[in-house]
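Visitor: I'd like to go through this one with you and keep asking how you know what you say. Could you bring it up?

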Amino acid sequence: MMGRPALLAAIASFMAFQAQGQTQAQAGGQKWSKDPTSQCEFVSPVSLTAGPTYWVGECPANKATGFGMLRRRDGNQAGPAFYGEMRAGIPTIGVIDNEGYRVGHFKNGDIGDAELEFQVRMDAFEAAVKAAREVSSRYAKQGNQASARLYEGVAKQLDEQIE
């Protein structure tokens, strides 16, 4: 017979396993990618296009997690970016900035769809603002003030879309 702490730990482990399975199912069999520098793993939304993609954010268990940014890069050239929330390497909600905004939840391999509800749009921009501020904070802690200011400006631009 299991004691109460052991039972609670078993239930928590089962729930975490179930959540990870659901998150991976939401990825729809998409291809996993790795940040070329940190080796952090994630599924990149199709709208970011193929190529080297970097994650700026937390990476517990080697999976992009929490609020942050996926940024495509070709050498020194910055490409489109996803600002939003990741769970166990899978985007959940946010905004892709690629000469215009693609907004919403992650489904069918990408962010957003043609018919977007007002509340989903607001939630996606709020997640993107949190993500851009997280990126700015990370750069500030690294002493990279230019990038910190850049992403604080991105957060302000994204925040203006909410109003």
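Visitor: Let's start at a strand pair. Which residue in β8 is the bridge partner of K107?

Guide: That's D110, sitting across from K107. Do keep in mind that this is a predicted model.

Visitor: And what makes β7 and β8 count as paired strands?

Guide: Pairing takes at least two bridges between the strands. Strand β7 (residues 101-107) and strand β8 (residues 110-111) have 2 bridges, so they qualify as a pair, and the sense is antiparallel. The two strands form a hairpin with 2 residues between them, and N108 in the turn has a positive phi of about 55°.

Visitor: Going back along the chain, how many bridges are there between β6 and β7?

Guide: There are 5, again antiparallel. D97 is partnered with Y101 in β7. In this hairpin 3 residues lie between the strands, and E99 has the positive phi, near 55°.

Visitor: What about β5, which strands does it pair with?

Guide: One partner is strand β4 (residues 65-74), joined to β5 (residues 77-87) by 8 bridges and running antiparallel. R71 has A81 as its bridge partner there. Another partner is strand β6 (residues 90-97), antiparallel over 7 bridges, with M86 opposite P91. The turns have positive phi values too: about 65° at G75 between β4 and β5, and near 50° at A88 between β5 and β6.

Visitor: Why is A64 called buried?

Guide: Buried means under 20% relative accessible area. A64 comes out at 0%, so it is buried. You'll find it in the loop between β3 (53-58) and β4.

Visitor: What is A64 in contact with, leaving aside its neighbours within four places in sequence?

Guide: Its contacts include C40, E41, F42 and W55, along with M86, R87, A88 and G89. E41 is 23 residues away from A64 along the chain, yet their C-alpha atoms are separated by 6.1 Å.

Visitor: How do you know that Y101 and F125 form an aromatic pair, and why is it called edge-to-face?

Guide: Ring centres have to lie within 6.5 Å, and planes over 60 degrees apart count as edge-to-face. Y101 and F125 are 5.5 Å centre to centre with 90° between the planes, so both tests are met. The pair links distant parts of the chain: Y101 is in β7 and F125 in helix α2 (residues 118-141), 24 residues apart.

Visitor: Are those two residues buried or exposed?

Guide: F125 is buried, at 0% relative accessible area. Y101 has 33%, which falls between the 20% and 50% limits, so partly exposed is the right term.

Visitor: And what makes the pair of Y139 and Y151 stacked?

Guide: Stacked calls for planes under 30 degrees apart. Here the angle is 15°, with 5.7 Å centre to centre, so the pair is stacked. Y139 belongs to helix α2 and Y151 to helix α3 (residues 145-160), 12 residues apart. Y139 and Y151 are both buried, and ring pairs link them with Y83 into a cluster.

Visitor: Last stop, the largest pocket. Which residues lie nearest its centre?

Guide: K31, S33, S44, T49 and A50, out of 15 lining residues. β1 (32-34) and β2 (41-43) are the elements that give two or more residues to that lining. The lining divides into 7 nonpolar, 6 polar and 2 charged residues, and the space in the pocket is about 250 Å³.

Definitions and conventions
Residues numbered from 1 in each chain as written. Predicted model: local features only at pLDDT ≥ 70, side-chain atom pairs only at ≥ 80, totals over all residues. Heavy atoms only, no water. 1 Å grid on protein atoms, 1.4 Å probe; cavity = no way out; pocket = protein on both sides within 12 Å on 5 of 7 lines; lining within 4 Å. Points joined across faces, edges and corners; volume = space filled by probe spheres on them. Helix = DSSP H or I, 4+ residues; strand = E, 2+ residues; numbered from the N terminus. Nonpolar A, V, L, I, M, F, W, Y, C, P; charged D, E, K, R; others polar. Buried < 20%, exposed > 50% of the residue type's maximum accessible area, 1.4 Å probe, protein only. Contact = heavy atoms within 4.5 Å. Phe/Tyr/Trp six-rings, centres within 6.5 Å; stacked < 30°, edge-to-face > 60°.
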